[in-house]
Amino acid sequence: MGRKSTRTATTTRHFPAAVVAAAVLASVPASADAQEPTFAKDVAPIVQANCQICHRPGSIAPMSLTTYEAVKRYGPRIREKVAARVMPPWHIDRSVGIQEFKNDRALTDEELETFVSWIDGGMPFGDANDMPPPPTFPDRTAWQFAERFGAPDLVVRSEPYTLAAKTQDKWFRPEVETGLTEERWVRAIEIRPSYPDGRRIVHHALAYLVQEEDPDEMTVQSAATISSGSAMGGAGLFMEWAVGKVGEIFPDGAGKLMLPGSRIRWEVHMHAIGREVPDSYVELGIWFYPKDQIPQNRTRLRMFDARGRSGLDIPPGKVAVTQDFHVLRWPSRLENFQPHMHMRGKTMTMEAIYPDGRKQILSQVDNFQWNWHVNYIYADHAAPLLPAGTTLVITAWHDNTPENPNNPDHTQWVGWGDRTVDEMAHAWVDVTYLTEGQFADEIAKREAMAEENEGAERGRR
Ligand code: HEC
């Protein structure tokens, strides 16, 4: 069961980053008859579609890439980051595991090659008539989900906080009433730090939903989380936000439940930027299902630990591997994979051991960048469907050697802790618990889909 639905979807298009980078680095100038890529025709569309959302004035990146001159000026650095697949931020291993995501922003191998050979070829502008018109972008000060759902039904704002120009990392933990007087099911949530400076200082923010619930009601609909080796990720974790992330939209028929009298407890991790930032805050926008529409399934944000028995013991100059096991008590659909580590974090893998003993790697991030908390959101038809009794194995690799370019000091012992120079190892995963009946239905749907695809494939041959 579930074999087809969670089958690894590798295609010939996907090569490991290192292989592509090596191939590109080794490539000689394109043969004389091949068309040399130009900015106007080939590169501008890539930059518009994949870079400018962040690399434009007032956005989160340090420099704008909105003109030919700017892209040319940063050419060598762009080459380095693009060839290593650090930019755009999408650090998943493209050679293993599920590859279909709702928010994929990786360059294709062809785009990567075009970009790099354009830089190597002297960065010609080309013909101005080939330039695509400038794209329009969503308003940075607006809720990003508003286009789809309208204004949020509820906004919960933290108290303001003033961060000094120079200080160690700070954690701010205010608690705020939601003001809800009745039960509501949540369709979508979005977190945003205040604009513009809040976005520069907030590294990540957690919003916990604090509400009184009867822990005895252990049904699928109100599945309390039993998480081995983890105090967090309990009933209350609502959403995690980090640079590069917007929010979460739950699949039709699934959502989070908020109760009357609920409160939001924030945990905001900030770092100083060299000038005082007064009165910044974080906001949570919440969109509800209509009152007469009660979702059948409750989605839980779970923190799957990978600290293992050692609790993270990372010797200087060494690579440390840790692993934890989490048994799923109910049939489950996993909506996303979001590894969390810090500066020594290198790779994290999420693997399923099915009740029949079969093993499968669901996802692996092998090029982890600590300042990017990319949330890899599975496409609806690719989200893993796992029977009750499946064990999720989360494995983390921390590279404390000088080979790790993100390592600030390979002579230090590193252990678990809050600061970015300490380490962590867990994955945030939104789990939708299903009844046995729903699970069987979903599996049947996937199998029908797979057959249809195979049929279409045969038809083409
Ligand atoms: C989701 C937002 C986002 C996207 C998309 C993105 N960048 Fe970035 N980029 C950033 C941020 C933020 C930084 C600074 C932090 C860092 O280096 O991680 C950065 C850093 C860089 C740097 C390093 C700058 C330096 O100081 O050396 C380069 C080069 C770069 N980006 C190029 C690109 C290119 C080219 C693309 C598109 C192919 C792209 N980025 C897409 C957000 C983004």
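**Figure 1. Strand 17, with its side chains pointing two ways.** In this predicted model, Asn336, Gln338 and His340 point one way from strand 17, while Phe337 and Pro339 point the other way. Residues on both sides are buried. With five of its five residues (336-340) buried, strand 17 is largely enclosed by the rest of the structure.

**Figure 2. The partners of strand 17.** Strand 17 runs antiparallel to strand 20 (residues 376-377), and two bridges join them. If you start at Asn336, you will find Ile377 of strand 20 standing opposite. Strand 17 is also joined to strand 24 (residues 426-433), here by three bridges and again in an antiparallel arrangement. Look for Gln338 in this pairing: its bridge partner in strand 24 is Trp428.

**Figure 3. An open sheet of four strands.** Following the sheet across, the strand order is 15-22-18-19, and the pairing is antiparallel. Strand 15 (319-327) and strand 19 (359-365) form the edges, each pairing on one side only. On average, and ignoring direction, neighbouring strands of this sheet are turned by 20 degrees against each other. For a closer look at one edge, turn to strand 18 (residues 345-353), which is joined to strand 19 by six bridges, with the two strands running antiparallel. Within that pairing, Met350 has Ser363 of strand 19 as its bridge partner.

**Figure 4. The largest nonpolar core and a separate one.** In soluble globular proteins, nonpolar side chains tend to be buried together. The largest nonpolar core here has 73 residues, and those with the most contacts inside it are Ala205, Ala207, Phe238, Ile264, Met348, Ile394 and Ala427. Strand 6 (residues 202-210) supplies the largest share of this core, with six residues. Apart from this core lies another, of 18 residues, which includes Ala44, Val82, Ala83 and Val116.

**Figure 5. The surroundings of Ala205.** Which residues are in contact with Ala205, once neighbours within four places in sequence are left aside? They are Ile191, Pro193, Trp241, Trp266, Glu267, Val268 and Val282. Ala205 is also one of the residues with the most contacts inside the largest nonpolar core.

**Figure 6. Val155 in strand 1.** Val155 belongs to strand 1 (residues 154-157). Is Val155 buried or partly exposed? It has 14 C-beta neighbours inside 10 Å, so Val155 counts as partly exposed; a buried residue would need 20 or more. Beyond its neighbours within four places in sequence, Val155 is in contact with Glu283, Leu284 and Gly285. The view also takes in Ile191, 36 residues from Val155 along the chain, with 9.6 Å between the two C-alpha atoms.

**Figure 7. Helix 5 and its buried side.** Helix 5 (residues 109-120) has 12 residues, which at 1.5 Å a residue should span 16 Å, and its end C-alpha atoms are indeed 16 Å apart. Its buried residues are Leu112, Phe115, Val116, Trp118 and Ile119. These residues cover an arc of only 155 degrees around the axis, which puts them on the same side of helix 5. An α-helix has 3.6 residues a turn, so residues three or four places apart point the same way. Just after helix 5, keep an eye out for Gly122, which takes a positive phi of about 95 degrees.

**Figure 8. Helix 2 and the helices it packs against.** Helix 2 (residues 39-50) also has 12 residues, but its end C-alpha atoms are only 15 Å apart, short of the 16 Å that a straight helix would reach at 1.5 Å a residue. The buried residues of helix 2 are Phe39, Lys41, Val43, Ala44, Ile46, Val47 and Asn50, and these pack against helix 3 (68-73) and helix 5.

**Figure 9. Helix 8 beside strand 21.** The 25 residues of helix 8 (residues 436-460) should span 36 Å at 1.5 Å a residue, and the end C-alpha atoms are 36 Å apart, in agreement. Phe439, Ile443 and Arg446 are the buried residues of helix 8, and they pack against strand 21 (385-386).

**Figure 10. Stepping back to the whole protein.** The protein has eight helices and 24 strands. Of its 461 residues, 38% are buried. Among contacts between residues at least 6 apart in sequence, 85% join residues at least 24 apart.

Conventions: Residues numbered from 1 in each chain as written. Predicted model: local features only at pLDDT ≥ 70, side-chain atom pairs only at ≥ 80, totals over all residues. Buried ≥ 20, exposed ≤ 12 C-beta atoms within 10 Å, placed from the backbone. Pairing = 2+ DSSP bridges. Expected span 1.5 Å × (residues − 1). Arc of directions from axis to C-beta. Core = buried A, V, L, I, M, F, W, Y, C linked by C-beta atoms within 7 Å. Contact = placed C-beta atoms within 7 Å. Axes fitted to C-alpha atoms, helices over the stretch in contact; angles between N-to-C directions.
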